[in-house]
Amino acid sequence: MLLRNIELEKAACMLVNWYDQFRKNTIKAQIVPVPDDVLEYLRQDLVILPKECSVLSSSDTSKTKHFNTYNDEFSDDDEDEEELPAFPEFSKKLSDSIEKLGGSAFLKSDWHSPKDAQWITLGQSLKVKDITDAYQLLKASSFCKEDFGERSSPANGGGFHVVLKKWCDIHPGSEFRCFVKGRSLVAISPRHWPSYHEHIATERNDIVSDIVSLFKEKIKEAFPLKDYVFDVYRPAKDHVVIMDFNVYGKGHSDSLAFDYDQLDADAVTATIEEEDVPEFRYLPEDCGIQPNPRNNYGFPQDVLEMFQGASGAAGQPAEGDGLIHRLMDEWNLQTNGDDDDE
(Lines give C-alpha, C1' and ligand atoms only; values in the text may rest on other atoms or scores of the structure.)
Protein backbone atom coordinates (compact mmCIF):
# COMPACT_ATOMS: atom_id res chain seq x y z
CA MET A 1 0.00 0.00 0.00
CA LEU A 2 1.41 3.37 -1.05
CA LEU A 3 1.82 6.00 1.64
CA ARG A 4 -0.09 9.22 1.01
CA ASN A 5 1.66 12.56 0.89
CA ILE A 6 -1.01 14.59 2.69
CA GLU A 7 0.95 17.84 2.41
CA LEU A 8 1.13 17.44 -1.35
CA GLU A 9 -2.60 16.74 -1.49
CA LYS A 10 -3.34 19.79 0.65
CA ALA A 11 -1.25 21.94 -1.66
CA ALA A 12 -3.14 20.66 -4.72
CA CYS A 13 -6.45 21.63 -3.05
CA MET A 14 -5.41 25.23 -2.35
CA LEU A 15 -7.37 27.58 -4.57
CA VAL A 16 -4.20 29.46 -5.47
CA ASN A 17 -2.93 26.26 -7.13
CA TRP A 18 -6.03 25.35 -9.18
CA TYR A 19 -7.92 28.59 -9.81
CA ASP A 20 -6.26 29.55 -13.09
CA GLN A 21 -6.84 26.10 -14.55
CA PHE A 22 -10.55 26.05 -13.69
CA ARG A 23 -11.22 29.79 -13.90
CA LYS A 24 -14.01 29.32 -16.49
CA ASN A 25 -15.78 26.71 -14.34
CA THR A 26 -15.69 28.33 -10.93
CA ILE A 27 -16.75 31.53 -9.17
CA LYS A 28 -14.66 34.65 -9.75
CA ALA A 29 -12.11 35.08 -6.97
CA GLN A 30 -9.35 37.33 -5.70
CA ILE A 31 -6.31 35.88 -3.91
CA VAL A 32 -4.50 38.14 -1.43
CA PRO A 33 -1.09 36.97 -0.11
CA VAL A 34 -0.68 37.45 3.64
CA PRO A 35 2.57 39.27 4.60
CA ASP A 36 4.54 38.27 7.68
CA ASP A 37 3.38 41.14 9.92
CA VAL A 38 -0.30 40.41 9.17
CA LEU A 39 0.33 36.70 9.66
CA GLU A 40 1.74 37.34 13.13
CA TYR A 41 -1.29 39.50 13.92
CA LEU A 42 -3.76 36.84 12.74
CA ARG A 43 -2.07 34.23 14.94
CA GLN A 44 -2.71 36.28 18.09
CA ASP A 45 -5.78 35.40 20.15
CA LEU A 46 -6.91 38.90 21.13
CA VAL A 47 -9.47 40.36 18.71
CA ILE A 48 -8.19 43.90 18.16
CA LEU A 49 -9.02 45.38 14.79
CA PRO A 50 -6.44 47.38 12.81
CA LYS A 51 -6.47 51.15 12.66
CA GLU A 52 -7.86 51.06 9.12
CA CYS A 53 -11.13 49.61 10.49
CA SER A 54 -11.50 52.57 12.86
CA VAL A 55 -11.12 54.93 9.94
CA LEU A 56 -13.73 52.98 8.00
CA SER A 57 -16.26 52.88 10.84
CA SER A 58 -16.07 56.65 11.26
CA SER A 59 -16.50 57.28 7.53
CA ASP A 60 -19.85 58.25 6.06
CA THR A 61 -19.15 55.92 3.15
CA SER A 62 -19.01 52.80 5.29
CA LYS A 63 -21.04 50.08 3.59
CA THR A 64 -21.65 48.02 6.69
CA LYS A 65 -22.99 49.15 10.04
CA HIS A 66 -20.71 47.99 12.87
CA PHE A 67 -21.37 48.32 16.59
CA ASN A 68 -19.02 50.71 18.41
CA THR A 69 -20.62 49.85 21.73
CA TYR A 70 -17.73 47.64 22.86
CA ASN A 71 -15.23 50.45 22.43
CA ASP A 72 -17.57 52.93 24.10
CA GLU A 73 -18.17 50.78 27.19
CA PHE A 74 -14.97 48.81 27.67
CA SER A 75 -12.06 50.70 26.11
CA ASP A 76 -9.81 53.18 27.85
CA ASP A 77 -10.71 56.73 26.84
CA ASP A 78 -7.03 57.63 27.03
CA GLU A 79 -6.01 54.81 24.74
CA ASP A 80 -3.77 56.14 21.99
CA GLU A 81 -4.97 55.14 18.55
CA GLU A 82 -1.32 54.80 17.59
CA GLU A 83 -1.25 51.58 19.65
CA LEU A 84 -3.63 49.89 17.23
CA PRO A 85 -1.97 47.64 14.65
CA ALA A 86 -1.92 49.02 11.13
CA PHE A 87 -1.59 47.20 7.82
CA PRO A 88 -2.42 49.86 5.21
CA GLU A 89 -1.14 47.96 2.16
CA PHE A 90 -2.80 44.66 3.06
CA SER A 91 -6.05 46.39 4.04
CA LYS A 92 -6.10 48.25 0.72
CA LYS A 93 -5.63 44.98 -1.18
CA LEU A 94 -8.56 43.48 0.74
CA SER A 95 -10.72 46.54 0.06
CA ASP A 96 -9.78 46.64 -3.63
CA SER A 97 -10.50 42.93 -4.00
CA ILE A 98 -13.97 43.32 -2.48
CA GLU A 99 -14.69 46.16 -4.90
CA LYS A 100 -13.50 44.10 -7.88
CA LEU A 101 -15.93 41.36 -6.85
CA GLY A 102 -18.89 43.73 -6.87
CA GLY A 103 -18.81 44.95 -3.27
CA SER A 104 -19.68 41.65 -1.54
CA ALA A 105 -17.51 38.58 -1.14
CA PHE A 106 -17.21 35.19 0.54
CA LEU A 107 -14.00 34.92 2.54
CA LYS A 108 -11.81 31.96 3.44
CA SER A 109 -8.22 31.07 4.24
CA ASP A 110 -6.31 28.56 2.12
CA TRP A 111 -8.43 25.64 3.31
CA HIS A 112 -11.25 26.79 5.59
CA SER A 113 -14.04 29.33 5.72
CA PRO A 114 -14.57 31.10 9.06
CA LYS A 115 -17.98 29.49 9.57
CA ASP A 116 -17.25 29.11 13.28
CA ALA A 117 -16.99 32.90 13.60
CA GLN A 118 -20.02 34.19 11.71
CA TRP A 119 -21.60 35.05 15.07
CA ILE A 120 -19.22 38.00 15.36
CA THR A 121 -20.65 39.95 12.41
CA LEU A 122 -23.89 41.84 12.84
CA GLY A 123 -25.52 40.05 9.94
CA GLN A 124 -24.43 36.65 11.28
CA SER A 125 -23.24 35.98 7.75
CA LEU A 126 -20.05 35.09 5.93
CA LYS A 127 -20.77 37.89 3.46
CA VAL A 128 -17.90 40.37 3.57
CA LYS A 129 -18.65 43.96 2.54
CA ASP A 130 -15.63 45.76 3.95
CA ILE A 131 -12.33 45.15 5.70
CA THR A 132 -13.93 45.23 9.16
CA ASP A 133 -16.02 42.19 8.24
CA ALA A 134 -12.90 40.49 6.89
CA TYR A 135 -10.71 41.14 9.94
CA GLN A 136 -13.46 40.19 12.40
CA LEU A 137 -14.03 36.82 10.75
CA LEU A 138 -10.36 36.01 10.31
CA LYS A 139 -9.47 36.93 13.90
CA ALA A 140 -12.41 35.14 15.54
CA SER A 141 -12.18 31.90 13.55
CA SER A 142 -10.33 28.95 15.06
CA PHE A 143 -10.44 27.22 11.66
CA CYS A 144 -8.61 30.06 9.93
CA LYS A 145 -6.21 30.50 12.84
CA GLU A 146 -5.24 26.85 12.45
CA ASP A 147 -4.54 27.45 8.75
CA PHE A 148 -2.35 30.41 9.64
CA GLY A 149 -0.52 28.36 12.28
CA GLU A 150 3.17 28.68 12.97
CA ARG A 151 3.92 25.04 12.17
CA SER A 152 5.94 24.92 8.98
CA SER A 153 4.13 23.03 6.22
CA PRO A 154 5.36 22.17 2.72
CA ALA A 155 1.82 22.90 1.52
CA ASN A 156 2.43 26.57 2.33
CA GLY A 157 5.69 26.75 0.44
CA GLY A 158 4.23 29.64 -1.54
CA GLY A 159 3.00 31.44 1.56
CA PHE A 160 -0.41 32.00 3.14
CA HIS A 161 -3.42 33.61 1.46
CA VAL A 162 -6.81 35.15 2.07
CA VAL A 163 -9.26 34.12 -0.63
CA LEU A 164 -12.23 36.29 -1.56
CA LYS A 165 -14.91 34.92 -3.89
CA LYS A 166 -17.69 36.90 -5.52
CA TRP A 167 -20.74 36.61 -3.28
CA CYS A 168 -23.56 34.46 -4.66
CA ASP A 169 -26.87 33.69 -2.96
CA ILE A 170 -26.78 29.90 -3.24
CA HIS A 171 -29.74 27.66 -2.51
CA PRO A 172 -28.47 24.98 -0.09
CA GLY A 173 -30.30 22.28 -2.07
CA SER A 174 -28.15 23.09 -5.10
CA GLU A 175 -24.80 22.26 -3.53
CA PHE A 176 -23.28 18.79 -3.77
CA ARG A 177 -20.15 17.02 -2.57
CA CYS A 178 -18.49 14.60 -4.97
CA PHE A 179 -16.06 11.82 -4.03
CA VAL A 180 -13.30 10.71 -6.42
CA LYS A 181 -11.37 7.48 -5.83
CA GLY A 182 -8.71 6.27 -8.26
CA ARG A 183 -9.69 9.08 -10.66
CA SER A 184 -13.26 7.72 -10.78
CA LEU A 185 -16.30 9.62 -9.53
CA VAL A 186 -17.78 7.13 -7.09
CA ALA A 187 -20.34 9.05 -5.00
CA ILE A 188 -22.39 12.24 -4.72
CA SER A 189 -24.03 13.68 -1.61
CA PRO A 190 -26.05 16.84 -0.94
CA ARG A 191 -23.63 19.31 0.62
CA HIS A 192 -26.08 20.21 3.40
CA TRP A 193 -26.79 16.68 4.58
CA PRO A 194 -29.24 15.64 6.03
CA SER A 195 -31.51 18.48 4.86
CA TYR A 196 -34.49 17.58 2.67
CA HIS A 197 -35.06 19.35 -0.65
CA GLU A 198 -38.02 18.25 -2.73
CA HIS A 199 -36.50 19.12 -6.11
CA ILE A 200 -33.58 16.71 -5.68
CA ALA A 201 -35.77 13.63 -6.04
CA THR A 202 -37.49 14.92 -9.18
CA GLU A 203 -34.22 16.08 -10.76
CA ARG A 204 -32.07 13.20 -9.60
CA ASN A 205 -31.04 11.90 -13.02
CA ASP A 206 -30.30 15.36 -14.39
CA ILE A 207 -28.21 16.25 -11.33
CA VAL A 208 -26.06 13.15 -11.69
CA SER A 209 -25.75 13.57 -15.45
CA ASP A 210 -24.67 17.21 -15.19
CA ILE A 211 -22.08 16.52 -12.49
CA VAL A 212 -20.67 13.50 -14.34
CA SER A 213 -20.35 15.60 -17.51
CA LEU A 214 -18.43 18.33 -15.68
CA PHE A 215 -16.15 15.76 -14.06
CA LYS A 216 -15.32 13.85 -17.25
CA GLU A 217 -14.97 16.92 -19.48
CA LYS A 218 -13.18 19.37 -17.18
CA ILE A 219 -11.83 17.78 -14.00
CA LYS A 220 -10.82 14.12 -14.41
CA GLU A 221 -7.74 14.57 -16.60
CA ALA A 222 -6.87 18.04 -15.30
CA PHE A 223 -6.79 17.71 -11.51
CA PRO A 224 -3.50 16.13 -10.36
CA LEU A 225 -4.72 13.85 -7.55
CA LYS A 226 -6.17 10.35 -7.84
CA ASP A 227 -8.27 10.57 -4.66
CA TYR A 228 -9.99 13.80 -3.67
CA VAL A 229 -13.30 15.51 -2.91
CA PHE A 230 -14.79 18.40 -4.83
CA ASP A 231 -17.85 20.54 -4.12
CA VAL A 232 -20.11 21.93 -6.82
CA TYR A 233 -23.06 24.27 -7.19
CA ARG A 234 -25.76 23.48 -9.76
CA PRO A 235 -27.91 26.59 -10.28
CA ALA A 236 -29.70 25.19 -13.33
CA LYS A 237 -29.83 22.22 -15.71
CA ASP A 238 -26.61 21.78 -17.72
CA HIS A 239 -24.85 24.33 -15.50
CA VAL A 240 -22.51 23.14 -12.74
CA VAL A 241 -19.95 25.35 -10.99
CA ILE A 242 -16.86 24.12 -9.13
CA MET A 243 -16.80 25.48 -5.59
CA ASP A 244 -13.76 23.85 -4.02
CA PHE A 245 -11.41 20.86 -3.87
CA ASN A 246 -10.62 19.03 -0.63
CA VAL A 247 -8.42 16.20 0.62
CA TYR A 248 -10.11 12.80 0.54
CA GLY A 249 -10.61 10.76 3.71
CA LYS A 250 -11.43 10.79 7.40
CA GLY A 251 -10.16 13.82 9.28
CA HIS A 252 -9.93 15.85 6.10
CA SER A 253 -13.38 16.18 4.52
CA ASP A 254 -16.83 15.35 5.90
CA SER A 255 -18.23 12.24 4.17
CA LEU A 256 -21.83 13.50 4.71
CA ALA A 257 -24.23 10.81 3.42
CA PHE A 258 -21.43 8.24 3.05
CA ASP A 259 -18.76 6.44 5.04
CA TYR A 260 -15.17 6.51 3.83
CA ASP A 261 -14.55 2.87 4.74
CA GLN A 262 -17.46 1.82 2.55
CA LEU A 263 -16.38 4.14 -0.28
CA ASP A 264 -12.89 2.61 -0.20
CA ALA A 265 -14.29 -0.93 -0.22
CA ASP A 266 -16.70 -0.21 -3.07
CA ALA A 267 -13.97 1.44 -5.14
CA VAL A 268 -11.95 -1.80 -5.19
CA THR A 269 -14.69 -3.64 -7.08
CA ALA A 270 -15.93 -0.72 -9.20
CA THR A 271 -15.83 -0.96 -12.99
CA ILE A 272 -15.11 1.75 -15.54
CA GLU A 273 -18.76 1.76 -16.64
CA GLU A 274 -19.93 2.52 -13.10
CA GLU A 275 -18.28 5.94 -13.26
CA ASP A 276 -21.21 7.13 -15.37
CA VAL A 277 -23.61 6.28 -12.56
CA PRO A 278 -21.96 7.21 -9.23
CA GLU A 279 -24.01 6.45 -6.16
CA PHE A 280 -26.17 9.44 -5.26
CA ARG A 281 -27.67 9.50 -1.78
CA TYR A 282 -30.29 12.02 -0.70
CA LEU A 283 -33.35 12.18 1.53
CA PRO A 284 -36.30 10.98 -0.60
CA GLU A 285 -38.86 12.47 1.76
CA ASP A 286 -39.18 15.02 4.51
CA CYS A 287 -38.11 13.45 7.80
CA GLY A 288 -39.01 16.45 9.93
CA ILE A 289 -36.63 18.82 11.66
CA GLN A 290 -33.00 17.85 11.13
CA PRO A 291 -29.92 19.14 12.99
CA ASN A 292 -28.78 22.53 11.75
CA PRO A 293 -24.95 22.52 11.44
CA ARG A 294 -24.95 26.28 11.98
CA ASN A 295 -26.08 25.73 15.56
CA ASN A 296 -22.64 24.25 16.26
CA TYR A 297 -21.20 27.72 15.81
CA GLY A 298 -23.63 29.88 17.76
CA PHE A 299 -22.76 32.74 20.10
CA PRO A 300 -19.84 31.42 22.23
CA GLN A 301 -20.60 30.85 25.89
CA ASP A 302 -17.24 32.26 27.01
CA VAL A 303 -17.93 35.52 25.19
CA LEU A 304 -21.37 35.72 26.76
CA GLU A 305 -19.88 35.16 30.21
CA MET A 306 -17.14 37.73 29.59
CA PHE A 307 -19.65 40.49 28.94
CA GLN A 308 -22.04 39.42 31.67
CA GLY A 309 -19.12 39.28 34.10
CA ALA A 310 -18.51 42.99 33.69
CA SER A 311 -20.93 43.69 36.57
CA GLY A 312 -19.22 45.09 39.64
CA ALA A 313 -21.81 43.91 42.15
CA ALA A 314 -24.10 40.96 42.42
CA GLY A 315 -27.60 41.66 41.26
CA GLN A 316 -26.57 44.83 39.43
CA PRO A 317 -26.89 45.09 35.65
CA ALA A 318 -23.61 44.25 34.00
CA GLU A 319 -21.80 47.03 32.21
CA GLY A 320 -21.86 45.06 28.98
CA ASP A 321 -25.49 43.94 29.14
CA GLY A 322 -26.55 46.54 26.57
CA LEU A 323 -24.04 45.27 24.05
CA ILE A 324 -24.53 41.57 24.66
CA HIS A 325 -28.31 41.86 24.47
CA ARG A 326 -28.08 43.80 21.23
CA LEU A 327 -25.74 41.22 19.75
CA MET A 328 -27.88 38.32 20.94
CA ASP A 329 -31.05 39.95 19.60
CA GLU A 330 -29.38 40.45 16.24
CA TRP A 331 -28.16 36.84 16.21
CA ASN A 332 -31.60 35.45 17.10
CA LEU A 333 -33.30 37.67 14.53
CA GLN A 334 -30.94 36.51 11.80
CA THR A 335 -31.25 32.85 12.78
CA ASN A 336 -35.04 33.01 12.76
CA GLY A 337 -34.93 34.75 9.41
CA ASP A 338 -32.76 31.98 7.98
CA ASP A 339 -35.19 29.34 9.25
CA ASP A 340 -38.08 31.19 7.65
CA ASP A 341 -36.22 31.32 4.33
CA GLU A 342 -35.83 27.56 4.33
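The following paragraphs look at the sheet, the helices packed on it and a few helices elsewhere in the chain.

The model is a predicted one, with local features requiring pLDDT of at least 70 and side-chain atom pairs counted only at pLDDT 80 or more, while totals for chains, interfaces and linings use all residues. Residues are numbered from 1 along each chain as its sequence is written, and side-chain values use heavy atoms, with hydrogens and water left out. Helices (H or I, at least four residues) and strands (E, at least two) are DSSP runs, numbered from the N terminus.

Start with the sheet. Five strands make up an open, mixed sheet in the order E8-E7-E5-E6-E9, where two strands count as paired if DSSP finds at least two bridges between them. Strand E8 (239-246) and strand E9 (279-280) sit at the edges with a single partner strand each, so one side of each has no neighbour in the sheet. Strand E7 (residues 228-236) pairs with E8 in the antiparallel sense, over six bridges. Valine 229, for its part, has asparagine 246 in E8 as its bridge partner.

Two helices meet this sheet. Helix H10 (residues 204-219) lies across strand E5 (175-181), strand E6 (184-190), E7, E8 and E9, and runs at about 125 degrees to E7. Axes here are lines fitted to C-alpha atoms, for helices over the stretch in contact, with angles from 0 to 180 degrees between N-to-C directions. Helix H11 (residues 260-269) also packs on the sheet, where it touches E5, E6 and E7 (contact: heavy atoms within 4.5 Å). The direction of H11 makes about 50 degrees with that of E5.

Now for helix H3 (residues 36-43), whose buried residues (under 20% relative accessible area, 1.4 Å probe, protein chains only) are Val38, Leu39, Tyr41 and Leu42. These cover an arc of only 160 degrees around the axis, taken from the directions from the helix axis to the C-beta atoms, which puts them on the same side of H3. On the other side, Asp36 and Glu40 are exposed (over 50%). The cover over the buried residues of H3 includes helix H6 (88-100), helix H7 (131-140) and helix H8 (142-147).

Two of those covering helices, H6 and H7, also pack on each other, at an angle of about 115 degrees and with their axes 9 Å apart. That makes H6 roughly perpendicular to H7 (65 to 115 degrees). Phe90, Ser91, Leu94, Ser95 and Ile98 in H6 meet Ile131, Ala134 and Tyr135 in H7.

Key. Parallel < 35°, antiparallel > 145°, perpendicular 65-115°, else oblique.
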